[in-house]
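Here is a short briefing for a reader new to this structure. Take a look at the model, then work through the points below.

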Number of protein chains: 2
Amino acid sequence: MSTFEAISQFSRMLKNLDQWLQIATAHAQRKGFDPEVFTQSRLAPDQYPLVQQVQSACDAAKYGAAYLSGKKAPSHPDTEKTVGELRTRIQTVAGYLDTFQASDFAGAEERAVAPPWMEGNSVRGDRYLTRIAVPNFYFHVTTAYAILRHNGVGLGKRDFIGVRSWTDFGE
Amino acid sequence: MSTFEAISQFSRMLKNLDQWLQIATAHAQRKGFDPEVFTQSRLAPDQYPLVQQVQSACDAAKYGAAYLSGKKAPSHPDTEKTVGELRTRIQTVAGYLDTFQASDFAGAEERAVAPPWMEGNSVRGDRYLTRIAVPNFYFHVTTAYAILRHNGVGLGKRDFIGVRSWTDFGE
């Protein structure tokens, strides 16, 4: 898979995540509870709640695109408190990812990526993508999905993958 | 990322999953409960328990490698009932993945992939990998991780990613 395809897939998954939040909101309204309860729900007391899972998924995708294209990532302070604000954050980041073109990632596989948290270390772009950005991104989107499922939201694997019809896969 | 790198990453993540199960077993023994309780634990009543999450992760990885290389996948009937048997299944599949070489995936990106569940439809290999195999694989390993975390096992993001030192990333 090309770097561009991998980044496009982040955008696709963020749009799925946005849909799950819409379904969760409708579920809460049907059951008569405040959808904002989801934002602080978590699977373990020392794991991030939904708010930070969504923020982290957005950041994994955004920084992946920025580092691998050699661009500066836009700043998104983690101020979201409501499901609506999380959905706006997701849509903003998906929109940012959608500005990239295949040519932006020329040479990305060999590019030295050195995010601040690596404290001076660097890693080749292809390894950064495969071994760090992709697992980290899916960690946070899947955990967000799991928090919603654990709290009774009716989601299934087709919602996760985002399958609406076979034409979604381009053939 | 090359198809070969993506398949190698599945092997790396399966080895991480094997480690989480080892840590979970030690946790249960320390707390004085039967580690086999984990095997039937789940996050929602209509979601797979740990056993099937692990089997599904193994299958996503195995079929990804087989379909993209045009080989026939080995059969692994879903008979595991214990953590020990799950660990053997994981190690078997990681071992299978480790038999592949970069040359096995020549032309994989353009290869038409038509798994039985697609009911006669097919998808290009690169789209299959990026949009189906990778999300599906990470869905199951992350949910397995979440089941353990939800049940009190002391795991963190470094265990998930499998970071032991920066040299794990090859630089």
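## Briefing

Helix 4 of chain A runs for 26 residues and spans 35 Å from its first C-alpha to its last, close to the 38 Å expected at 1.5 Å a residue. The model is predicted. Helix 4 of chain B also has 26 residues and reaches 35 Å, against an expected 38 Å. Two pockets, a set of aromatic pairs and two loop residues complete the tour.

**Helix 4 of chain A**

- The helix bends by about 30° at A:A133. A proline, A:P135, follows within four residues.
- Of its 26 residues, 24 are buried, so helix 4 of chain A is largely enclosed by the rest of the structure.
- A:G152 follows the helix. The phi of A:G152 is positive, near 90°.

**Helix 4 of chain B**

- Here a kink of about 30° lies at B:A133. The proline B:P135 comes shortly after B:A133.
- This helix is mostly covered, with 23 of its 26 residues buried.
- B:G152 follows helix 4 of chain B and has a positive phi, near 90°.

**The largest pocket**

- The volume of the largest pocket is about 700 Å³.
- Its lining counts 29 residues. Closest to the centre are A:K157, B:Y48, B:W117, B:N136 and B:H140.
- Four elements give two or more residues each to this lining. Chain A contributes helix 4 (125-150) and helix 5 (157-161). Chain B contributes helix 2 (50-69) and helix 4 (125-150).
- Helix 2 of chain B gives the most to the lining of the largest pocket, with eight residues.
- By class, the lining of the largest pocket holds 15 nonpolar, eight polar and six charged residues.

**The second largest pocket**

- The second largest pocket holds about 590 Å³ of space.
- It is lined by 21 residues. Nearest its centre lie A:W117, A:I132, A:N136, A:H140 and B:K157.
- Helix 2 (50-69) and helix 4 of chain A, together with helix 5 (157-161) of chain B, each supply at least two residues of this lining.
- Helix 2 of chain A gives the most to the lining of the second largest pocket, with seven residues.
- The lining of the second largest pocket divides into 12 nonpolar, five polar and four charged residues.

**Aromatic pairs**

- How many aromatic pairs does the structure hold over all chains? The count is 25.
- One of them joins A:W20 and A:F160. The ring centres are 5.5 Å apart and the planes lie at 15°, so this pair is stacked.
- The pair links distant parts of the chain. A:W20 sits in helix 1 (residues 3-31) of chain A, and A:F160 sits in helix 5 of chain A. The two residues are 140 residues apart.
- Are A:W20 and A:F160 buried or exposed? Both A:W20 and A:F160 are buried.
- B:Y145 and B:F160 form an edge-to-face pair. Their rings lie 5.5 Å centre to centre, with 85° between the planes.
- B:Y145 lies in helix 4 of chain B and B:F160 in helix 5 of chain B, so the pair ties together parts that are 15 residues apart in sequence.
- B:Y145 is buried, and B:F160 is buried too.
- One aromatic cluster is formed by A:F10, A:F137, A:Y138, B:F10, B:F137 and B:Y138.

**Positive phi at position 119**

- A:E119 has a phi near 50°, a positive value in a residue other than glycine.
- Where is A:E119 found? It is in the loop between strand 1 (112-113) and strand 2 (123-124) of chain A.
- A:E119 has a relative accessible area of 70%. That is over the 50% cut-off, so A:E119 counts as exposed.
- In chain B, B:E119 has a positive phi of about 50°, although B:E119 is not a glycine.
- B:E119 lies in the loop between strand 1 (112-113) and strand 2 (123-124) of chain B.
- B:E119 is exposed, with a relative accessible area of 70%.

Notes:
Residues numbered from 1 in each chain as written. Chains lettered and ligands numbered in written order. Predicted model: local features only at pLDDT ≥ 70, side-chain atom pairs only at ≥ 80, totals over all residues. Heavy atoms only, no water. 1 Å grid on protein atoms, 1.4 Å probe; cavity = no way out; pocket = protein on both sides within 12 Å on 5 of 7 lines; lining within 4 Å. Points joined across faces, edges and corners; volume = space filled by probe spheres on them. Nonpolar A, V, L, I, M, F, W, Y, C, P; charged D, E, K, R; others polar. Expected span 1.5 Å × (residues − 1). Bend = angle between axes of the 7 residues up to and from the residue. Buried < 20%, exposed > 50% of the residue type's maximum accessible area, 1.4 Å probe, protein only. Phe/Tyr/Trp six-rings, centres within 6.5 Å; stacked < 30°, edge-to-face > 60°.
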